[in-house]
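Trainee: I should like to learn how to read the features of a structural model, one at a time. May we begin with a strand and its surroundings?

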2 protein chains.
Amino acid sequence: MRGAILAIGDELVSGKVANTTSFWAAARLFEAGYEVFELLTVPDRKENIAFHLLRLLKETDFIIVSGGLGPTEDDLTNEAVAEALGLKLISRPEILSRIRENERAQGLPVNTLRDKMALLPGGAKPLSEDLSVAGYLLLYQGKPLFFLPGVPSQFRKLFSEKVLPYLKSRLPSGLVTVSLTLRFFDLREAEINRAVREIGISGVELGFYPVFPEVHLTVTARAKTEAEARGRVLSLAERLRACFPEHLFGEDEEELPLVLGRMLRARGATLSVAESCTGGLMASLITRIPGSSDYFLGGAVTYANRAKVEVLGVPERFIRLFGAVSREVACAMAEGARKRFGANFALSVTGIAGPAGGSPEKPVGTVWIGLSTPGETVARKFHFPGTRHEIQTLSAYTALDWLRRYLLTGNLYPTYRFAKTP
Amino acid sequence: MRGAILAIGDELVSGKVANTTSFWAAARLFEAGYEVFELLTVPDRKENIAFHLLRLLKETDFIIVSGGLGPTEDDLTNEAVAEALGLKLISRPEILSRIRENERAQGLPVNTLRDKMALLPGGAKPLSEDLSVAGYLLLYQGKPLFFLPGVPSQFRKLFSEKVLPYLKSRLPSGLVTVSLTLRFFDLREAEINRAVREIGISGVELGFYPVFPEVHLTVTARAKTEAEARGRVLSLAERLRACFPEHLFGEDEEELPLVLGRMLRARGATLSVAESCTGGLMASLITRIPGSSDYFLGGAVTYANRAKVEVLGVPERFIRLFGAVSREVACAMAEGARKRFGANFALSVTGIAGPAGGSPEKPVGTVWIGLSTPGETVARKFHFPGTRHEIQTLSAYTALDWLRRYLLTGNLYPTYRFAKTP
């Protein structure tokens, strides 16, 4: 069973308003086992609407149309539908009286421009029982065509409460879809893809999504039963976990800071951070997670050198002798943060995020990351590519990932693509 | 002159990834005076891609295609193009050697799966001079067809640097569009809209975009000459600036932290921050701005109460008597941060971001913000709505905005929608 989604509106094709509802609806349809043939966005123009309606009627089992149902001049969907399908536009008295009622309730003057909203193609069945929002179902050649308002909240409500239940009962997809997203850090798509090919897969679909700075692989299986679909997905996931025990850090909504937090909580351990070039981003990533106060004690954003000395106790001579971006300062920052906040572990970042501040010996992207554990304090040099914000993001994620991998394996020196020192 | 945008990818039609680049590109085309005929999103399926390419070639002057250029099996765009247009796929030695070079530079093993990325339809002209990203131009029946990578950052870069300049020089639209985005904080769309109606406008189009937690209003005019279009836009902008001298804080890319930073730099003043529930977000927003080290000295993320006492010198009895979320603690945090970092100004935030931790007296969303100036230290109570991350974001932005408005007007108590104390 397959459907298409057609969104109508000049404001959409001119990019003034991003069409988010089509993608939202596509995800719901896909989850319910339907195939989405295409997503289309066209201007408020009758001939374009009519052309695609007729074309999609041939290609699909159902069509979901949004937008163009309002009272203004550029709302042309109903006229386009009537022309394309050879139907008459019929004024619906129950909708007309509801329009007048609304005007009275809101103390508005009678506005006959709104009467247009009561003119529906013959055979249209309004979707909202109390007629509080526009939108109708039209059966044509036995195929359901749904016309929904473009306003996202109204679209979503009618879609969830009317469209999806209708489809499930009248056009059952007969398929169960199971999806799992695997989240990787510090691996390229191509490397994961090679592993997938070597494993040899069948009966699952793969989708790679780089969600900077992570790579996400979504594994999807459709089958007659949930058990069968789930079995296929989990079997590939298990093989990939064996291939990449360190890089595959989480599933679905498990963000890296959440996974690290869970590991710290399980150990009853605490963390603090010291940040220079990431400027608070690392702490912010940690504290976005609800309940992070269980393991996160705090951080120091020591942007100025004086702050490194006074807040974290970095020896002033380290900065003088080695520079603020150095192994010595990264170690002193991490150790200072661990002691200052009384934490078990601390991470530090000091580097050059750019665009200014680089030099031949320490170009933009040079970052020292420090890790202080109860036993020892070490630092490693990285060279990250990208813009200022990308360098900040890669630095913060790499620091968090380093502690995660250390907790996982006990190895203080896991391999990183951008690492310049062991 | 009109064009169409075709995005390719199973992950897009299944709603797993929202196609944001098509709408972004549509907005840029519209601004440049082009008509956007339609936006299409189709799965990785050769026959669908080929059908739409041939159809759109008849309807439009140019086509922009994104996605499906990568090395994996589901990347079928080049094959589809070759089939649809009757072109041969030709292996490009310069791309092949660039692929091998990249592998060497990154210490990766040779992966011949990547060779596929060098197989382009005959006549294709790579868009990136150094071949660092996929993407090419194909002239077919004299019409430019652009094939760009689906990765948003790569798409945007090639679109801005290659596609748009090409179109402007080879297919001039004949119209000049001038757009200006006005950025507001702590105002509702409806309030701005009412002001716009009272001003009475003509010859400009308006688009409201809530970009949480700001509201953006884009004013666009199209005219035969740039002077005429610019005149219309600037005249409305000036009237709105007079209406909202405090709330309209910036234009186009002027983010709130950038505007505040510019004011601090102009005064030769410095800033530090103390954060509890925002957990580093405020510092992170400040330090995302290049050159922020000119005025930002540092911050303390004092998540645990002990850190508030030890790092910022908050009297322990304040926490005991009034609680960590209180006027007294907010003031002590701000003053502590100002002194600790030796800054002229300091901001502090302490509150309950949720989802847990609320109580009847201090429900989730209760946030105290402190502002310490060389002359005095004050704090105000706010009640912010939303999820954890929304409360954190509103708190951080409101704190930065408070200092901005204080520097602008000298008033320590500007009005805020969510303020609970003067």
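Mentor: Let us start with strand β1 (residues 2-8) of chain B, in what is a predicted model.

Trainee: How many residues of β1 of chain B are buried?

Mentor: A residue counts as buried if 20 or more other C-beta atoms lie within 10 Å of its own. By that criterion six of the seven residues of β1(B) are buried, so the strand is largely enclosed by the rest of the structure.

Trainee: Which strands pair with β1(B), and in which sense?

Mentor: β1(B) runs parallel to strand β2 (residues 35-42) of chain B, to which seven bridges join it. Strand β3 (residues 62-66) of chain B also pairs with β1(B) in the parallel sense, over five bridges. G3(B) illustrates both pairings: it stands opposite V36(B) in β2(B) and opposite F62(B) in β3(B).

Trainee: How should I read the surroundings of a single residue, such as P121(B) in strand β5 (residues 119-121) of chain B?

Mentor: Begin with the neighbour count, then turn to the contacts. P121(B) counts as buried because it has 24 C-beta neighbours inside 10 Å. Leaving aside residues up to four places away in sequence, P121(B) touches N78(B), V81(B), A82(B), L85(B), L87(B), L89(B) and L138(B). Separation in sequence and distance in space are read independently: P121(B) and E83(B) lie 38 residues apart in sequence, with 9.2 Å between their C-alpha atoms.

Trainee: What can be said about chain A as a whole?

Mentor: Chain A contains 14 helices and 17 strands. Its radius of gyration is 29 Å, well over the 22 Å that the globule rule gives for 422 residues, so chain A is more spread out than a compact globule. The C-alpha trace of chain A spans about 85 × 55 × 40 Å along its principal axes. Of the 422 residues in chain A, 47% are buried.

Trainee: Where do the domains of chain A lie in the sequence?

Mentor: The assignment divides chain A into domain 1 (2-170), domain 2 (176-251) and domain 3 (256-409). The centres of domain 1 and domain 3 of chain A, taken over C-alpha atoms, are separated by 52 Å.

Trainee: How is the contact between the chains to be read?

Mentor: The size of an interface is often given as the accessible area lost when the parts come together. Here one may instead read residue counts: 59 residues from chain A and 60 residues from chain B take part in the contact. On the side of chain A that touches chain B, β14(A) supplies the largest share, seven residues. By class, that side of chain A has 30 nonpolar, 20 polar and nine charged residues.

Trainee: In which sense does β14 of chain A pair with β14 of chain B?

Mentor: These two strands, each covering residues 296-302, pair in the antiparallel sense over five bridges. Within this pairing, G298(A) stands opposite T302(B), and V301(A) stands opposite G299(B).

Trainee: What is the order of strands in the sheet that includes these two?

Mentor: The order is β17(A)-β16(A)-β15(A)-β13(A)-β14(A)-β14(B)-β13(B)-β15(B)-β16(B)-β17(B), an open sheet of 10 strands with mixed pairing. β17 (377-383) of chain A and β17 (377-383) of chain B stand at the edges with a single partner strand each, so one side of each is left without a neighbour in the sheet. On average, neighbouring strands of this sheet are turned by 15 degrees against each other, direction ignored. Helix α14 (residues 388-409) of chain A lies across β15, β16 and β17 of chain A, at about 30 degrees to β16(A).

How values were computed. Residues numbered from 1 in each chain as written. Chains lettered and ligands numbered in written order. Predicted model: local features only at pLDDT ≥ 70, side-chain atom pairs only at ≥ 80, totals over all residues. Pairing = 2+ DSSP bridges. Helix = DSSP H or I, 4+ residues; strand = E, 2+ residues; numbered from the N terminus. Axes fitted to C-alpha atoms, helices over the stretch in contact; angles between N-to-C directions. Contact = placed C-beta atoms within 7 Å. Buried ≥ 20, exposed ≤ 12 C-beta atoms within 10 Å, placed from the backbone. Nonpolar A, V, L, I, M, F, W, Y, C, P; charged D, E, K, R; others polar. Domains from an automatic or database assignment. Rg over C-alpha atoms; globule rule 2.2 N^0.38 Å.
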